[in-house]
Amino acid sequence: MIDPVAEVVSLLKPKPSIAKQVTGGGPWLVERTELGSPFYCAVVEGECLLTIAGRKPILLKAGDFILIPEAYSFTMSSLQPPPRGALARRLETSPGVFRLGDPATPVEIRAMVGHCAFGSNDKALLVSLLPDLIHVRGAKRLMLLVQMINEETGARRTAREIVLAHLLEVLFIEALRSTGGADATPGLLRGVADPQLAPTLRRIHENPAGGISVESLAREAAMSRSTFYARFRREIGVTPMDYVTGWRMALAKELLRKKVATAEIAARVGYGSVSAFATAFSRYSGMSPGAYSRGDAPN
């Protein structure tokens, strides 16, 4: 059985970037802006504040894990942060190990943090299906995964990049399935937690080439067309056919990168002819399948 969450994470292709161990003492603050990349943090000991633009500060405690699939402006700080404009105190004590605040003060927090990147050229669509913030308490498996990523990052072992990529995929999947579906923001997790929408999502992912319409999906979900349409849009955040088209195009891009023949791609993603597929792909992506396959797509 196809798992939509696993498929989305696999297509996102998380790639390693930065992983580090952080300790802090006294007043300290770290600010990041306009990254747009995934950020995660596992608090090993102590407490700190995470403040994301437009949200109330979140108190992170020992055993907490947080993941932001698309991080822009945010700060992390001690519970009593230094005054705004104060000189940041940040010292790299050894490769990948940082001390925040006054190094003469006792260590009050230990954390493992990291940034990564997504290799997919369709990451905007895929990230939109995930919660914008994942916060899990008492997550031993997630803490262990972050520790393994940090150790692998610093060890420089053989096949390090492959191991890190797989560890990041597992980290994302574990974080996503640790999040309560009903409490998540509209997106894929809310959908797979809905007993009537989950089979619909699996059907779309298992057979994107099938004849799919709002009417057929509503019928299989045992709902009227209008009820199904409204529920899908409320829980997933997009209309049913926008989801179907987006998923078909994400698969098509992956197949084009693998240099699969255009006729085969058209058949595999539900288009009756190459010309129909090319028209839909160009409308969706702003370029022809051939141009995309040649690598003309922006990174």
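This is a short talk on one chain, its first helix and the interface between its two domains.

Keep in mind that the model is predicted.

Start with the layout. The chain splits into domain 1, residues 4–178, and domain 2, residues 194–294. Taken over C-alpha atoms, the two domain centres are 33 Å apart.

Now helix α1, residues 4–12. Which of its residues are buried? Pro4, Val5, Val8, Val9, Leu11 and Leu12. They span an arc of only 165° around the axis, so they sit on the same side of α1. The general background is simple. An α-helix has 3.6 residues a turn, so residues three or four places apart point the same way.

Look at the ends of α1. At the N-terminal end, Asp3 is the cap. One of the side-chain oxygens of Asp3 lies 3.0 Å from the backbone nitrogen of Val5. After α1 comes Lys13, with a positive phi, near 55°.

A quick stop in strand β1, residues 14–25. Thr23 is in that strand. Is Thr23 buried or exposed? Buried: the relative accessible area is 17%, and the cut-off for buried is under 20%. Set aside the neighbours within four places in sequence, and Thr23 contacts Phe98, Arg99, Leu100, Val107, Ile109 and Arg110.

On to the interface. From domain 1, 11 residues are in contact with 15 residues of domain 2. The area buried between the domains is about 1000 Å². Carbon and sulfur atoms give 63% of that area. Which residues of domain 1 lose the most area to domain 2? Pro4, Leu11 and Asp122. Together they make up 41% of what the domain 1 side buries. Two of these names are familiar: Pro4 and Leu11 were on the list of buried residues of α1.

What about polar links? Four residue pairs are in polar contact between the domains, both residues at pLDDT 80 or more. The rule finds two salt bridges across the interface. Asp122 forms a salt bridge with Lys253. Their closest N and O atoms are 2.9 Å apart.

Which helices supply at least two residues each to the side of domain 1 that touches domain 2? α1 does, and so does α2, residues 123–128. The largest share of that side comes from α1, with four residues.

To recap α1. Asp3 caps its N-terminal end. Its buried residues lie on the same side of the helix. And α1 gives domain 1 the largest share of the side that touches domain 2.

How values were computed: Residues are numbered from 1 along each chain as its sequence is written. This is a predicted model: local features need pLDDT of at least 70, side-chain atom pairs count only at pLDDT 80 or more; totals for chains, interfaces and linings use all residues. Side-chain values use heavy atoms; hydrogens and water are left out. Buried means under 20% relative accessible area, exposed over 50%, partly exposed in between (1.4 Å probe, protein chains only). The arc is that of the directions from the helix axis to the C-beta atoms. A polar contact is a pair of N or O atoms within 3.5 Å; within protein, one must be able to donate a hydrogen and the other to accept it, and residues adjacent in sequence count only if both atoms are side-chain atoms. Contact means heavy atoms within 4.5 Å. Domain bounds come from an automatic or database domain assignment. Buried area is the accessible area (1.4 Å probe) that two parts lose on being put together, summed over both. A salt bridge is a side-chain nitrogen of Lys or Arg within 4 Å of a carboxyl oxygen of Asp or Glu.
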